[in-house]
Amino acid sequence: MRCVCCRGGIVSPDVLILKGGGVKGFIFAGVVQALEENGYHFSTFVGTSAGAIAAVLLAAGLKGNDLEKELREVDFAKFRDCSLFKALFVNLPLHFWMYPGWRLRQWIDESLKRQFRQDPVYLRDLPLRAVIFACTPHGGVRVFDSIGQRRDEEAGYAVRCSASIPIFFKPESIGGERVFDGGLLNNYPVEEFQKYEQERGNHRTDFIAVYLGTQRQYKPRSVIPDIFDIILNRDDRLVVKKYSEQTISVDPSPIRTTDFSITEDEKTLLVLKGRLAAIEFLAIEAESAAKKAKEESKKQSEMFSEAQAEQQKATRLKEQADKLKMDVAVRYDQVRKHRNQEKKRVFVEYTVILLLLLYLAIPRGRHFQSPGNLISPSFIIHKYHIHVVAVDVQNRAVSDVNITSSVRSQRKRTGNRFEFEISSAALLSTQSVTFYAKRRDFSWEKSAILDAADNQDVRIPLYPLYNPEEHGNRKLSISKFTIKLVDLEGKPVLKTKFSCTTEGIPEEATSVDGKYACWIPVNSTKVRITAIAGCYKFIGEISVAQQQVALNQKIAACIND
């Protein structure tokens, strides 16, 4: 690997090591942009998890700006490639992972395919070196090296192996053995890379590493985040301290590793934080170089100009850092405000849902003490069995009536009776239920108050709802009018079109063995009927006391004699 020598004998490293961090990988784009603008160029990219994604894309020839563009175009929310229900209640209990992760692999493959115009793209095809770390349960570290181990593997497969976030993504496999996220053993693979290089016969320390992690004072959290922090970052802080002069530390808060619904403002914030951290790192390096050159200038006069140049560079970088700090502060406030609003919105939504479920679960009927058992007022759902029947003015059940209820219920009909099974969960603010009885064009209703008693009976008197414009506000009970139609010989006329009209309300009649029945107001004395059977017809008013009408009016046109 090549090393670029700068003025004053300072070695510019050509290895960039990237820590894992999920969607926080936008920071890498900002870091690379700042380093490239200040003359740094790398030939080797090392990473795990999110760092592996950036390492492969940069080794494919992308610059910092290209990397940012590539990351901005992808919809990270699609990496959750199955429904939340399936993830939580099927995959997690059965497999102990939530999402298959095939969309992540698909995105890497498509990105590399656009770069190389070939499919698939292997590690050996990358123009620059990429070193990726994954891990297995028994074999420890697995290395994917574009010029060494597993160079013939597909680049997308190597990234997918290293980016299997524990529990979140399904792990890949090598030779039948599961491969897990490289961050489980080496989320910040500085020492692991040096160990690997020593095994290959290369002894080097010329690298720059990017560490993603907050330097703020620890605040107590829930147990699960603390456990993950121990697993993924158990030795990282010691490594950062050991190689502090070669480490760019970036605080990615408030963005978390699995914030796949990341917004454009949050993406910009991460890029700006990466640029700021890199520039501050370079400013410290320039100050150190200026101080060293100044000490050398006391011995050699020609070193004075170089010391001045380094000091000017340090000053320029500090000015850039100050401007970026203002941009980062503004963007951070916007992101923080947006995330707080989202938290409040989600909290309100879940609170409303929870309260609604509790409201539906709590019975609002009276609780009765049965022998030897006291019904608890806690979450008990009563089922009320209500028997409803429609009756006429003489309290006789009416069969040709359909009855429904105002709440969701199960209904069963037996003869003239309707049985309703109503759950207390279906009742909202009252125990009152309205039953509706409908017969042809007429409808009636009656409200009933439910209690905890079973087999409650509700009887609906049939009151016709007249048109107020024609009948005022009268509500008249109705009675059944039955008449028999016969011919001149007194035999029943079976096939007859029959209708009756009373109080301006027409109604088609029903027939049973030549007897025709219709419903009329109980105080009516006359009924106008129409009966037509072939060439015989009767049209006129009759008394409600009359029980039989003979069709004896012949139509002349129908006589053939």
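The sheet I want to start with is open, has six strands, and runs in the order S6-S5-S4-S3-S9-S10 with mixed pairing. Its edges are strand S6, residues 140-145, and strand S10, residues 247-250, and each of those pairs on one side only. From one strand to the next, the twist averages 20°. Keep in mind that this is a predicted model.

Two helices pack on this sheet. Helix H1, residues 26-37, touches strand S3 (15-18), strand S9 (207-212) and S10, and the direction of H1 makes about 145° with that of S9. Helix H8, residues 190-199, touches S3, S4, S5, S6 and S9, with its direction at about 110° to that of S5. The buried residues of H8 are Val190, Glu192, Phe193, Gln194, Tyr196 and Glu197. Just after H8 comes glycine 201, with a positive phi of about 90°.

Now strand S4, residues 44-47. S4 pairs with strand S5, residues 129-136, in the parallel sense over four bridges. Within that pairing, threonine 44 has arginine 129 of S5 as its bridge partner, and phenylalanine 45 stands opposite alanine 130. S3 and S4 also pair in the parallel sense, again over four bridges. There, leucine 18 stands opposite glycine 47 in S4. To get from S3 to S4, the chain goes through H1, and this β-α-β crossover is right-handed.

Which way do the residues of S4 point? Thr44 and Val46 go one way, Phe45 and Gly47 go the other way, and all are buried.

On to the edge strand. Arginine 142 lies in S6. Is arginine 142 buried or exposed? Its relative accessible area is 17%, so arginine 142 counts as buried, the limit being under 20%. Leaving aside neighbours within four places in sequence, arginine 142 is in contact with Ile132, Phe133, Ala134, Cys135, Thr136, Arg150, Ile174 and Glu177.

One of those contacts, threonine 136, is found in strand S5. Threonine 136 is buried too, at 6% relative accessibility. With the same exclusion of sequence neighbours within four places, threonine 136 is in contact with Arg142, Glu177, Arg178 and Val179.

Another contact of arginine 142 is Arg150. Arginine 150 lies in the loop between S6 and H6 and is partly exposed, at 27% relative accessibility. Its phi is near 55°, a positive value in a residue other than glycine.

That brings me to backbone geometry. Most residues other than glycine have a negative phi, and most peptide bonds are trans. Besides arginine 150, have a look at arginine 117, which has a positive phi of about 55° although it is not a glycine. Arginine 117 sits in the loop between H5 and S5, and with a relative accessible area of 79% it is exposed.

Where are there cis peptide bonds? One runs from aspartate 119 to proline 120, with omega near 5°. Proline 120 is in the loop between H5 and S5. Another joins serine 253 and proline 254, with omega about 10°. Proline 254 belongs to the loop between S10 and helix H11 (264-297).

Next, a helix pair. Helix H5, residues 102-116, and helix H6, residues 155-162, have axes that come within 9 Å and cross at roughly 145°. The crossing is right-handed. On the H5 side the residues involved are Leu104, Arg105, Ile108, Asp109 and Leu112, and they meet Ala155, Gly156, Tyr157, Val159 and Arg160 in H6.

Further along the chain there is strand S19, residues 456-461. Strand S13, residues 383-391, runs parallel to S19 and is joined to it by six bridges. In that pairing, isoleucine 386 stands opposite glutamine 456. S19 has a covered face made of Gln456, Val458 and Ile460, and an uncovered one made of Asp457, Arg459 and Pro461.

Last, the totals. The protein has 13 helices and 27 strands. Of its 561 residues, 44% are buried. Among contacts between residues at least 6 apart in sequence, 65% join residues at least 24 apart. The accessible surface comes to about 30,700 Å², with 52% of that belonging to carbon and sulfur atoms.

Terms used. Residues are numbered from 1 along each chain as its sequence is written. This is a predicted model: local features need pLDDT of at least 70, side-chain atom pairs count only at pLDDT 80 or more; totals for chains, interfaces and linings use all residues. Side-chain values use heavy atoms; hydrogens and water are left out. Two strands pair if DSSP finds at least two bridges between them. Axes are lines fitted to C-alpha atoms, for helices over the stretch in contact, and angles run from 0 to 180 degrees between N-to-C directions. Contact means heavy atoms within 4.5 Å. Buried means under 20% relative accessible area, exposed over 50%, partly exposed in between (1.4 Å probe, protein chains only). A crossover is right-handed if, with the strands pointing away from the viewer, the path from the first strand over the helix to the second runs clockwise. Accessible areas come from the Shrake-Rupley method with a 1.4 Å probe; for residues, only the protein chains shown count as cover. A crossing is left-handed if the near helix is turned anticlockwise from the far one by less than a right angle, and right-handed if clockwise.
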